[in-house]
Amino acid sequence: MDEVKKLLEGFADRAAEGLPDADIDADVTRGRRALRRIKRRRRATGVLCVAAASALVLAIGNQVNWWRSSGEVADGPVGQETAASASGPSTMPPATPRSGHTFSEFGAPVVQLVANQQAWSTIDCSLAPKGWSAEAPIAANHVVLSQPQMRTADTAAKVILQASPQARALSKPRVTDAGGKTFHIGTLDGRLTAQVQLSNQWLLVSFPSGTVEWPDDAVRRFLDSCAVR
């Protein structure tokens with residue numbers, strides 16, 4: 001403010017003739033008052049800006065909460081029932097897999113049993129897994145089924161059928177009686193294995209692990225189609 005006063009005094013010394021002498025002190029006082037008014041306006045403006053920003057944040061927060069609550073209501077049972085009633089009964093047919101295979105929860109395809117077109121040895125089954133065939137040579141009481149892309153030594157991925165005069169001890173067996181036969185399904189040496197007594201012999205079948213899924217009903221159907229001569 002002292003610098004402003006000096007500047008005004010300099011202008012007063014060079015005042016034009018015919019003009020009254022400048023009142024420096026009055027000018028400085030008016031300048032101070034004007035400066036105070038400017039400062040008050042700035043403070044008031046800052047307060048208003050802060051209040052406006054706070055109001056904007058609260059409004060956005062309330063809007064977000066409203067949308068969330070609306071989404072929860074729409075996703076609930078009432079929203080689902082409304083959507084179902086609006087869409088009406090579906091006329092689209094259910095989708096079916098192109099390959100005819102279904103998949104288990106583990107990701108492996110579930111086996112599909114079809115009519116067996118091959119002649120085996122003393123073990124004969126009217127059903128066989130689709131795409132599988134007996135490996136040559138076929139032993140008298142031993143049949144190995146595999147897929148074309150399987151390696152010869154990869155026995156864990158193959159279906160092995162063998163006839164035996166005695167039953168084997170299975171781990172955690174599940175026993176089911178159906179059609180006059182008793183089916184035993186469990187594990188043997190870590191593999192899914194099933195056995196059934198046919199006439200005076202037992203048929204023991206070891207199933208692959210990981211490549212194809214064999215549900216219990218498919219296992220019983222396969223063994224029920226077999227005979228040991």
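Start by selecting Thr176 and Phe183: Phe183, in S8, is the bridge partner of Thr176. This is a predicted model, so keep the confidence colouring switched on as you go.

Now widen the selection to the two strands around that pair. S7 and S8 are antiparallel neighbours, paired over six bridges. Together they make a hairpin with two residues between the strands. Click on Gly179 in the turn, and you'll find a positive phi of about 60°.

Stay on S7 and pick Lys172, which sits in that strand. Its phi is also positive, near 50°, and this residue isn't a glycine. Why is that worth a click? Most residues other than glycine have a negative phi.

Next, show the whole sheet. It is open, has seven strands and pairs in the antiparallel sense, with the order S4-S5-S6-S10-S9-S8-S7. Which strands stand at the edges? They are S4 (133-134) and S7 (171-178); each has a single partner strand, so one side of each is left without a neighbour in the sheet. If you turn on side chains here, remember that in a regular strand they alternate between the two faces of the sheet.

From the S4 edge, step into the loop between S4 and S5, where you'll find Pro137. Select Ala136 along with Pro137: the peptide bond joining them is cis, with omega at about -5°. For context, most peptide bonds are trans.

Back to the sheet for another pair of strands. S9 (residues 191-198) and S10 (residues 201-206) run antiparallel and share six bridges. Pick Ala194 and look across to S10, where Val205 stands opposite.

Now bring up helix H4, residues 216-224. This helix lies across S5 (142-146), S6 (159-164), S7, S8 (181-188), S9 and S10. Line up your view with S8 and you'll see H4 running at about 125° to that strand.

Time for the pocket. Rolling a probe the size of a water molecule over the atoms shows where empty space is left. The largest pocket has a volume of about 270 Å³. It is lined by 15 residues, and the closest to its centre are Leu192, Pro208, Ser209, Glu213 and Trp214. Strands S8 and S9 each supply at least two residues of the lining. Colour the lining by type and you get six nonpolar, five polar and four charged residues.

Zoom in on one of those central residues, Leu192, which belongs to strand S9. What does Leu192 touch, leaving aside its neighbours within four places in sequence? The contacts are Arg174, Ile185, Gly186, Val205, Ser206, Phe207, Trp214 and Val219. For a distance to draw, connect the C-alpha atoms of Leu192 and Ser171: they are 21 residues apart along the chain and separated by 9.6 Å.

Last stop: colour the chain by pLDDT. The mean is 76, and 61% of the residues reach 70 or more. Select residues 70-86, where pLDDT is below 50; beyond near neighbours in sequence, this stretch has four contacts in the model. Then select residues 94-101, where pLDDT is again below 50, and that stretch has four contacts beyond near neighbours in sequence. Where pLDDT is low, the predicted coordinates should not be read in detail.

Terms used. Residues are numbered from 1 along each chain as its sequence is written. This is a predicted model: local features need pLDDT of at least 70, side-chain atom pairs count only at pLDDT 80 or more; totals for chains, interfaces and linings use all residues. Side-chain values use heavy atoms; hydrogens and water are left out. pLDDT is the predictor's confidence in each residue, from 0 to 100. Contact means heavy atoms within 4.5 Å. Two strands pair if DSSP finds at least two bridges between them. Helices (H or I, at least four residues) and strands (E, at least two) are DSSP runs, numbered from the N terminus. Axes are lines fitted to C-alpha atoms, for helices over the stretch in contact, and angles run from 0 to 180 degrees between N-to-C directions. On a 1 Å grid over the protein atoms alone, a cavity is a set of points where a 1.4 Å probe fits but cannot get out, and a pocket is an open set with protein on both sides within 12 Å along at least five of seven lines; lining residues have an atom within 4 Å of a point. Grid points are joined across faces, edges and corners, and a volume is the space filled by probe spheres set on the points. Ala, Val, Leu, Ile, Met, Phe, Trp, Tyr, Cys and Pro count as nonpolar, Asp, Glu, Lys and Arg as charged, and the others, Gly among them, as polar.
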